[in-house]
Amino acid sequence: MPKTRSVVACAVFALAALVTGAQSPTRIPLPDNSAFPISQGVWVGNTLYLSGMLDPDFKKVPAKDTKAQTVGAIQVIQKALAAQKLTLGDVVMMHVYLAADPATGKMDFAGFMGGYTQFFGTKDQPNKPARSAMQVAALAAPGALVEIEVIAVKP
């Protein structure tokens, strides 16, 4: 009996490989030709994985709040998606990293939602991705409060 299960398991995995096909990733370089060792995104088949995006103006004084940084980060994501002929409506998964507001020591989830709901679940863009949001001790960019990464699927 164990031999039969092994044969069946091998057949299932082989069939899955044929159906999905071996797909080589296509890497999208950072737009500024940076030597920083990450890709802006990676295509695997019809799925695009975008690296974490920040509001490019997060360092402005006075410091921008969580809502403003969320709007800025999503606008950067929109541009990155548009360059790949996708829209926010194609986003199927979102991971949100929120640093604590220095004034309160807590993430500003309400501020995040205030920015997020301007782009998702609206009349013009009703699609809502699956999403997780979490507070992190800090983001790699000092002063940044919001970093968002997304996965989008080409229709």
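The exercises below work through a predicted model, from confidence to fold to pocket.

In this predicted model, local features need pLDDT of at least 70 and side-chain atom pairs count only at pLDDT 80 or more, while totals for chains, interfaces and linings use all residues. Residues are numbered from 1 along each chain as its sequence is written, and side-chain values use heavy atoms, with hydrogens and water left out.

**Exercise 1.** State how confident the predictor is in the chain, and find where the pLDDT is below 50.

*Solution.* Begin with pLDDT, the predictor's confidence in each residue, from 0 to 100: its mean over the chain is 87, and 84% of the residues reach 70 or more. Then turn to residues 8-19, where the pLDDT is below 50 and where the model has two contacts (heavy atoms within 4.5 Å) beyond near neighbours in sequence.

**Exercise 2.** Describe the order of helices and strands along the chain.

*Solution.* Take helices (H or I, at least four residues) and strands (E, at least two) as DSSP runs, numbered from the N terminus. The count is three helices and six strands, and their order along the sequence is α-β-β-β-α-β-α-β-β.

**Exercise 3.** Determine how far apart in sequence the contacting residues lie, and what share of the chain is buried.

*Solution.* Consider contacts between residues at least 6 apart in sequence: 67% of them join residues at least 24 apart. Next, apply the burial cut-off (under 20% relative accessible area, 1.4 Å probe, protein chains only), by which 33% of the 155 residues are buried.

Notes:
Buried means under 20% relative accessible area, exposed over 50%, partly exposed in between (1.4 Å probe, protein chains only).
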